[in-house]
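Me: Got a minute to walk through a fold with me? I'd like to start with the sheet and then get to the aromatics.

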Amino acid sequence: MKQYGLIGYPLSHSFSKKYFAEKFKDEGITDAAYELYPLEHIKDLQDLLDEHPDICGLNITIPHKVAVLPYLDWIEHDARKAGAVNCICVIAESPVQAAFTGEVGIGGHDFRLEGYNTDLYGFEMSIRPLIKDTEDEALVLGDGGAAQAVKCVLENMGIAYKTVTRKPHPDHILFSDLKPDHIKQHKIIINTTPVGTAPKIDECPPIPYEAITDEHLLYDLIYNPEETLFLRKGREQGAATKNGYEMLVLQAERSWEIWNAKDNRV
């Protein structure tokens with residue numbers, strides 16, 4: 001039985017487990033299982049893999065998308081550019097191959113850990129049809145692991161952006177300093193923070209919503225609830241809106257492709 005799963009902490013709500021359980025059932029996949037592995041500290045990753053030797057692939061969520069990088073043997077180019085990984089492929093590797101490549105798994109085990117960022121693919125494919133003008137500028141709310149993927153995609157698409165955070169940073173705008181003029185200048189607003197996630201559905205990022213118009217696009221990486229307060233406030237101002245559900249579906253399918261690619265099997 002091939003094991004797949006999600007690491008992060010906490011894991012009280014998981015799109016991935018439900019999605020893959022339904023996928024395995026619908027597609028008649030009987031030799032695979034997807035489990036949740038709450039991992040408070042990323043340093044315990046090796047112990048997890050030792051305890052579950054049948055793990056072939058893992059998804060990664062908050063707070064480990066960046067912290068996992070030093071534990072990987074190889075990182076795909078775009079994931080390295082984004083500075084965050086949300087998908088690991090665990091590949092069996094013989095001692096001969098390890099000697100040939102000069103790479104061995106963490107702790108000298110007979111496997112290697114390859115890191116990918118499927119958020120890049122999921123986000124780009126889900127937002128691209130909504131972009132009317134690539135000359136529009138974007139505001140990226142938050143600066144965590146998911147934000148790194150979003151910014152990487154925006155750069156690849158040639159869309160200028162500014163990052164908005166709560167803590168001071170030389171290149172960022174503080175939420176407390178955000179003015180209507182910022183909203184008017186940036187027609188694309190992307191929420192990468194967890195603010196507004198169920199059960200705290202009465203919360204939203206503190207931005208001047210009154211400056212939003214029907215020329216704006218508001219994209220929220222949150223999918224639960226289906227319409228966050230952030231999106232509702234944008235919709236009420238006439239903006240186009242989209243939640244993160246399709247992005248999650250696309251990134252999950254991309255993860256499955258990576259885990260099962262023939263050239264990834266030893």
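Reply: Sure. One term before the sheet: two strands pair if DSSP finds at least two bridges between them. Also keep in mind that this is a predicted model.

Me: Fine. So what order do the six strands take in the sheet?

Reply: The order is β2-β1-β3-β5-β6-β4, in an open sheet with mixed pairing. At the edges sit β2 (32-38) and β4 (74-75), each of them pairing on one side only.

Me: And how do β5 and β6 pair, parallel or antiparallel?

Reply: Antiparallel: β5 (residues 87-92) and β6 (residues 111-116) are joined over six bridges. To find the register by eye, look at V90, which stands opposite L113 in β6.

Me: Which strands does helix α1 touch?

Reply: Helix α1, residues 15-26, packs on the sheet and touches β2 and β3 (55-60). Its direction makes about 170° with that of β2.

Me: OK, switching to rings. How many aromatic pairs are there?

Reply: The structure holds 15. One of them is F15 with Y245, an edge-to-face pair at 5.6 Å centre to centre and 90° between the planes.

Me: Why does that pair tie together parts far along the sequence?

Reply: Because F15 is in helix α1 while Y245 is in helix α9 (residues 245-260), so the parts it links are 230 residues apart in sequence.

Me: F15 first: buried or exposed?

Reply: Buried, since its relative accessible area is 10% and the cut-off for buried is under 20%. Y245 counts as partly exposed, at 45% relative accessibility.

Me: Which other ring pair should I look at, say one with W256?

Reply: Try F20 and W256, a tilted pair with 6.2 Å between centres and 50° between the planes. F20 lies in helix α1 and W256 in helix α9, so this pair ties together parts 236 residues apart in sequence. Both F20 and W256 are buried.

Me: What cluster do F15, F20, Y245 and W256 belong to?

Reply: They belong to one aromatic cluster, whose members also include Y4, Y19, F24, Y34, Y223 and W259.

Me: Last thing, charges over rings. Where does the charged end of R166 sit?

Reply: Over the ring of F175, 5.4 Å from its centre.

Me: And what does K233 lie over?

Reply: The face of Y209, with 5.3 Å to the ring centre.

Key: Residues are numbered from 1 along each chain as its sequence is written. This is a predicted model: local features need pLDDT of at least 70, side-chain atom pairs count only at pLDDT 80 or more; totals for chains, interfaces and linings use all residues. Side-chain values use heavy atoms; hydrogens and water are left out. Helices (H or I, at least four residues) and strands (E, at least two) are DSSP runs, numbered from the N terminus. Contact means heavy atoms within 4.5 Å. Axes are lines fitted to C-alpha atoms, for helices over the stretch in contact, and angles run from 0 to 180 degrees between N-to-C directions. Rings of Phe, Tyr and Trp (its six-membered ring) pair if their centres lie within 6.5 Å; planes under 30 degrees apart count as stacked, over 60 as edge-to-face and the rest as tilted. Buried means under 20% relative accessible area, exposed over 50%, partly exposed in between (1.4 Å probe, protein chains only). A charge sits over a ring if NZ of Lys or CZ of Arg is within 6 Å of the ring centre and within 35 degrees of the ring normal.
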